[in-house]
Amino acid sequence: MAYPGYNSYGGPMQGVPAQGMPMPGMPAGIPPGGGYPGQPYGGFPGSFPAPPVQDPMWGYFTAIAGQDGEVDADELQRCLTQTGISGSYNPFSLETCRIMIAMLDRDYTGKMGFNEFKELFTVLNGWKQNFVMVDRDGSGTVEGHELSQCITNMGYRITPQALNCIIKRYSRSGKIYFDDFVACCVKLRSLTDNFRKRDSMQQGVVNFQYDDFILCTMSV
């Protein structure tokens, strides 16, 4: 069974500055490299771990992460709004931010660490590129057949009946907005990942225990 991939839909992270340059909206007093003024990395309880070497995302992550060194849905929503990753489209809703975190929340804490933060930016840029390809008039919406095209472009092979169900679920008055498109992509990726982990023979068939099924479907 060949499952769709999404790594090929990565690309440069929009809004990420050159090394050492603060990003828009970064609070004053927090150096671009992370940490706190006058404090080295680590060395005291509650501090952030040592930063990845020369990673331009680290400074922005520490600027918006909580004292626990992780990002929750409210912090992620502010971050995505400040970076402008949604471009001319409407900012992401809090609910979409929650399920984006859930997609990468492998320990079920409701938050994401630095590696998950970077991974999210990569897949978001890929999904945005896919959306822009079919949103040729820049309206911020696509129609049902265009959503089907996006899903096919990402490598998913699902039946017309399933596609029709997805279109009805994520459209408003026949249009799919970027925020809803991302929510759809999150759901597709998460459910596919959960299914693939349980499909040991890679045949496209899985037997679920009821509780496991609920865990897979209700976690995103």
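**Group meeting: Ser 190, two helices and the cysteines**

Okay, let's start with Ser 190: setting aside neighbours within four places in sequence, Ser 190 touches Met 103 and Val 220. Keep in mind that this is a predicted model. Is Ser 190 buried or exposed? Its relative accessibility is 5%, so Ser 190 counts as buried. And Ser 190 sits in helix H7, which brings me to the helix packing.

H7 covers residues 178-198, and it packs with H4, residues 114-134, at an angle of about 120°, the axes being 11 Å apart. That angle makes H4 oblique to H7. The crossing of these two helices is right-handed.

So who meets whom? On the H4 side you've got Glu 119, Val 123, Leu 124, Trp 127, Lys 128 and Phe 131, and on the H7 side they meet Phe 178, Phe 181, Val 182, Cys 185, Val 186 and Arg 189. Sort the residues of that H4 and H7 contact by type and you get nine nonpolar, three charged and no polar.

Now, the cysteines. How many disulfides does the count give? Zero. Just to have the chemistry in mind, a disulfide is a covalent bond between the sulfur atoms of two cysteines. Take Cys 79: the closest cysteine sulfur belongs to Cys 97, and that is 9.0 Å away, so it is too far for a bond, given a cut-off of 2.5 Å. Cys 79 is also buried, at a relative accessible area of 0%. Cys 165, on the other hand, has 51% relative accessibility, so Cys 165 counts as exposed.

That's my tour; happy to pull up the structure again.

Notes. Residues are numbered from 1 along each chain as its sequence is written. This is a predicted model: local features need pLDDT of at least 70, side-chain atom pairs count only at pLDDT 80 or more; totals for chains, interfaces and linings use all residues. Side-chain values use heavy atoms; hydrogens and water are left out. Axes are lines fitted to C-alpha atoms, for helices over the stretch in contact, and angles run from 0 to 180 degrees between N-to-C directions. Helices (H or I, at least four residues) and strands (E, at least two) are DSSP runs, numbered from the N terminus. Angles under 35 degrees count as roughly parallel, over 145 as roughly antiparallel, 65 to 115 as roughly perpendicular and the rest as oblique. A crossing is left-handed if the near helix is turned anticlockwise from the far one by less than a right angle, and right-handed if clockwise. Contact means heavy atoms within 4.5 Å. Ala, Val, Leu, Ile, Met, Phe, Trp, Tyr, Cys and Pro count as nonpolar, Asp, Glu, Lys and Arg as charged, and the others, Gly among them, as polar. Buried means under 20% relative accessible area, exposed over 50%, partly exposed in between (1.4 Å probe, protein chains only).
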